[in-house]
Amino acid sequence: MGKSRPLIRDASLVHDEPTTDPVERLGRTLRERQGDRITGEIRIPATPGVYAGFPDELDPRLAEALRGRGIDQLYSHQRRAWDLIRGGAHTALVTPTASGKSLCYNLPVLQAAIEDRAKALYLFPTKALSQDQVAEIIALNQAGDLKVKAFTFDGDTPGDARKAVRTRGDIVVSNPDMLHQGILPHHTKWAQLFENLRFVVIDEMHTYRGVFGSHMANVIRRLKRVCRFYGTDPHFILCSATIANPRELAEQLIDEKNIETITDSGAPRGAKQLFLWNPPLVNPDLGIRASARSQSSHIARLAVRSGLKTIVFAQTRLMVEVLTKYLKDAFDKDPRRPARVKAYRGGYLPSERRTTERQLRGGGVDCVVATSALELGVDIGSLDVCLLNGYPGTIAGTWQRLGRAGRRSRSALGVLIATSLPLDQFIVRNPQFFIDAAPEHARIDPDQLLILLDHIRCAAFELPFKDGERFGSRDLDQFLSYLAEENILHHEGDQWYWMTDSYPANSVSLRSVAEGNFVVIDITDGGKDVIAEVDYSSAAMTLYKGAIYMMQARPWQVEKLDWAGRKAFVRQTEADYYTDAIDYTRLKILDQFDEASDPEKSCAHGEVHLIRRVSGYKKIRYYTHENVGYGNVELPDQEMHTMAVWWQLAAEVLDEAFPSRWQALDGFLGAAYAMHFVSALISMSEPHDLGRAVGNADATWFTSVGVSGRGTIRPASGETVDIHAPNRRFAPTVFLYDNYPGGIGLSEPLFDMREQIVARAGQMVGACECVHGCPACIGPILASDERGAYSPKLVAGAVLTILAGKLSRERVANANC
């Protein structure tokens, strides 16, 4: 956001001067017509550029190439990067979107390639970014006749072209997955690259967080180990959007200290205006608001009709398709004319995404609806308006998405449209918090046991380990001895040699729980055309038999899912509804590491075994969004071990405080909902990084909110569970767990913050203006008797009150009477 202080204004006090800027006119129209929905307005003034001349030692051909592309001087941060990188420093660049970060590393890399044929390896998290970068280098090559060869190396690179990439590439542009599985295990074929490797560029550093980042740090450990074998010690250049700890993350990723960090951008920036938008209440008693979906569609239609290029970010792939349908219904009714609205998300075939990117760059698309897949720096041209259909979950992610509009000196409008979720409501009701909050920390744990062991196996396959050798900061003796006991390594002399026929990198996925994407095959009219790919973790929620699978808002129905073969067979349909899967989770406590307890309550932290099951799906009609049907789903369970923190109340407390066990369950479901979102907020993590579940301590049953909106018991076995049976142990438990195999280090800090979590959750529920509970406090749990004294909000508050230790169980029981 630079150094300019954003301004928060009360929309009711704003008096606009006449303007010819269409972006300003749209903002004024929204304020005049629906100003009551704008809870905060943030203005970031335009800032001029800060420039520096070309370095004296810059090769004349490079200078000519830059001038040929209209660049006569550098931004100040680009010149600073040149000086640091040419001086041999590991460098991290943290500047806004569209600030010219790529030139920061391209110039010194190209200069070294011209001077003495030094080589570089570029790593991007997506193929689209890789292809963008190669196109940029080719343009510079052509403008200055540099004769520097740059090639992409990814899964789409033809087999006959791979040798040329290995032997002739001065700059190899790839991604972490290919480095992990396609380059390091075959390093002898890449000897020419490694013997001359001077630079490693890691772009979009902020994406390497959590499990993906922990894997990435270990891949870099393996890369440096191979480089040492070939006698090279490359300099690392890392680029990132704004995060709280760029230096710390860079140090963890490349295992180096004294990294130089550049955070001041010299690029000019146009004025930005941001509205925090809360949809109107349609039922104040129940706290039900108009959907964010309807508001996003409405504002997008206004923007497109005003001639403004617009991007709409949605939180899920399903919501991308629903919003795309609504906007296509408004703008793309005539199939003979080019589409003005496009969807962009993971799962589309690469050719489909590249086509959309080209159309966006060329100005042929007026509105694109996307997931976070377009949050990164893919070149999609100049956009005027950015709409966020729901809070992205982090401050950093919000600003990153908003930065997609108003690149360079163009003005831009952003609108953050809140859903009914607690985090969204907190943000739009507290705009000062949004401005004052620092971007979140990006956390990784490279030494997480399961991840570390996987990469030690991969490293041993690539090169033998020597006695006393370290991998990162870890002593390897125990790991190597364990692998030897498993007949994977053989110790001879002072070295540990690989001795099996397996190929370890193939069994280690950097991004997902399991291997193997599903392909979606269109069998309409007897065809067998592959139209999409779906990652393993999403398949159970999107490709079950009966599901409506949408692409560019066109519906297909899944007729058969071959789980083992990773194939879904679909047929085009004219269905007037979409489908939404229902899943639930049950956990079993494996090991308790720590506990804090008293006679009424307890909180503990430890290891759990998790089973997630997709049990059915809802059919939801377009526009009215009424539930018009339900179907069962029969798919294999998905299992993992992870870390969790959990809360319980003593049995006698439950019996005395709640008139019935069903009321207690409603209370625990509501409390878990509130605690989940509070935990995400105070730990500065995204809600999907944490999972939540409510179930019995002995794992015999779990409960979730069913189709009816009430708590539903899910037995671990097929037997019916009577929770009122006198001999049945009744110990409902709130679980919050790391939503990744092995955990990512969230649950232990949550255990340390257990009192703050419960207290903040209680405050959030108590402060909510609804009567019986709503999605902004305890979730969509229906009251059993809204006219009586009982409501889910009341019993959720009771659970939180006892957990906080602020009210005796006798007083809670009296309050429930």
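Over residues 807-817 the pLDDT (the predictor's confidence in each residue, from 0 to 100) stays under 50, and for this stretch the model has 21 contacts, counted as heavy atoms within 4.5 Å, beyond four places in sequence. The structure is a predicted model, in which local features need pLDDT of at least 70 and side-chain atom pairs count only at pLDDT 80 or more, whereas totals for chains, interfaces and linings use all residues. Residues are numbered from 1 along each chain as its sequence is written, and side-chain values use heavy atoms, with hydrogens and water left out. A second stretch with pLDDT under 50 covers residues 783-788, for which the model has eight contacts beyond four places in sequence. Where pLDDT is low, the predicted coordinates should not be read in detail. The protein averages a pLDDT of 88, and 93% of the residues score at least 70; confidence is lowest in helix H25 (residues 809-816), with a mean of 47, and highest in E9, at 98.

Helices (H or I, at least four residues) and strands (E, at least two) are DSSP runs numbered from the N terminus, and two strands pair if DSSP finds at least two bridges between them. An open sheet of seven strands, paired in parallel, follows the order E7-E8-E6-E9-E10-E5-E11. Its edges are strand E7 (150-152) and strand E11 (260-262), each of which pairs on one side only, and the twist averages 15 degrees from one strand to the next. Three bridges link strand E5 (residues 91-94) to E11 in the parallel sense, and threonine 261 in E11 is the bridge partner of alanine 92. Helix H4 (residues 101-116) packs on this sheet, touching strands that include E5, E6 and E9, and its direction makes about 165 degrees with that of E9, where angles run from 0 to 180 degrees between N-to-C directions and axes are lines fitted to C-alpha atoms, for helices over the stretch in contact.

Another open sheet has five strands in the order E26-E25-E29-E28-E27, with mixed pairing. Strand E26 (529-534) and strand E27 (548-551) stand at its edges with a single partner strand each, so one side of each is left without a neighbour in the sheet. Strand E25 (residues 518-522) and E26 run antiparallel and are joined by five bridges, with glutamate 533 in E26 as the bridge partner of valine 519.

Helix H9 (residues 210-229) packs against helix H17 (residues 449-462) at an angle of about 25 degrees, with the axes 10 Å apart; the two helices are therefore roughly parallel to each other, a term that applies to angles under 35 degrees.

Note on methods
Angles under 35 degrees count as roughly parallel, over 145 as roughly antiparallel, 65 to 115 as roughly perpendicular and the rest as oblique.
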